[in-house]
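Here are some short exercises to work through with the model open in your viewer. Try each task before you read its solution.

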Amino acid sequence: MPLERLVLIIVIVLAAVGLTVLAGAFILSAFALPSWATIGAAIPVALVLYIVIRAIGERLSSREDDHYDEIDH
C-alpha cells in the first residue's frame, strides 16, 4: 500500500471521528439552543462537509494519479 493511500485513510478516519463528535454536539445543542441557531450553525458545517467529501472523491477517482502509482522509483 502506498504511503499516500495510508495517509488518506488516516485523514478519513480522523474526519469521521471529528464528525461523530460534532454530530453529538449538534444533537446536544439542539436541546439547549433555539432551532434557528442550530440550523444556522449546521449550514456552514454542511458546506465544509460537502467540500471535504468532494475533495476525497476527486482524489480517489483521479485517473491522472493512477498513472503515477504504476511507476517504480
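**Exercise 1. Find which residues Val 45 touches, leaving out those up to four places away in sequence.**

Solution. Start at Val 45 and skip its neighbours up to four places away in sequence; the residues touched are then Leu 22 and Phe 26. Keep in mind that this is a predicted model. Next, place the residue: Val 45 belongs to helix α2. Then look at a C-alpha distance: Val 45 and Leu 19 are 26 residues apart along the chain, and their C-alpha atoms are separated by 9.5 Å.

**Exercise 2. Decide whether Val 45 and Leu 19 are buried, partly exposed or exposed.**

Solution. Begin with the cut-offs: buried means under 20% relative accessible area and exposed means over 50%, with partly exposed in between. Val 45 has a relative accessibility of 26%, so Val 45 counts as partly exposed. Leu 19, which sits in helix α1, has a relative accessible area of 35% and is therefore partly exposed.

**Exercise 3. Work out how α1 and α2 are oriented to each other.**

Solution. First take the geometry: the two helices, α1 and α2, pack at an angle of about 165°, and their axes are 12 Å apart. Now apply the cut-off, by which angles over 145 degrees count as roughly antiparallel. α1 and α2 are therefore roughly antiparallel to each other. For the handedness, α1 passes α2 in a left-handed crossing. Residues of α1 that make this contact include Leu 8, Leu 19, Leu 22 and Phe 26, while those of α2 include Ala 41, Val 45, Leu 49 and Leu 60.

**Exercise 4. Describe the surroundings of Leu 60.**

Solution. Locate the residue first: Leu 60 is in helix α2. Setting aside residues up to four places away in sequence, Leu 60 touches Arg 5 and Leu 8. Leu 60 and Leu 8 are 52 residues apart in sequence, yet their C-alpha atoms are 9.3 Å apart in space. Finally, check the exposure: the relative accessibility of Leu 60 is 47%, so this residue counts as partly exposed.

**Exercise 5. Compare the span of α1 with the expected value, and list the buried residues of this helix.**

Solution. Helix α1 covers residues 3-32, which makes 30 residues. From the first C-alpha of α1 to the last, the helix reaches 43 Å, close to the 44 Å expected at 1.5 Å a residue. Turning to burial, the buried residues of α1 are Leu 8, Phe 26 and Ser 29. Their cover includes α2, which runs over residues 35-60.

**Exercise 6. Summarise the whole protein: how many helices and strands does it have, and what share of its residues counts as buried?**

Solution. Count the elements first: there are three helices and zero strands. Along the sequence, they give the pattern α-α-α. Next comes burial: 7% of the 73 residues count as buried. To finish, look at the surface: the protein exposes about 6,200 Å², and carbon and sulfur atoms supply 73% of that area.

Key:
Residues numbered from 1 in each chain as written. Predicted model: local features only at pLDDT ≥ 70, side-chain atom pairs only at ≥ 80, totals over all residues. Heavy atoms only, no water. Helix = DSSP H or I, 4+ residues; strand = E, 2+ residues; numbered from the N terminus. Expected span 1.5 Å × (residues − 1). Buried < 20%, exposed > 50% of the residue type's maximum accessible area, 1.4 Å probe, protein only. Contact = heavy atoms within 4.5 Å. Areas by Shrake-Rupley, 256 points an atom, 1.4 Å probe, with all protein chains shown as cover. Axes fitted to C-alpha atoms, helices over the stretch in contact; angles between N-to-C directions. Parallel < 35°, antiparallel > 145°, perpendicular 65-115°, else oblique. Left-handed = near helix turned anticlockwise from the far one by under 90°.
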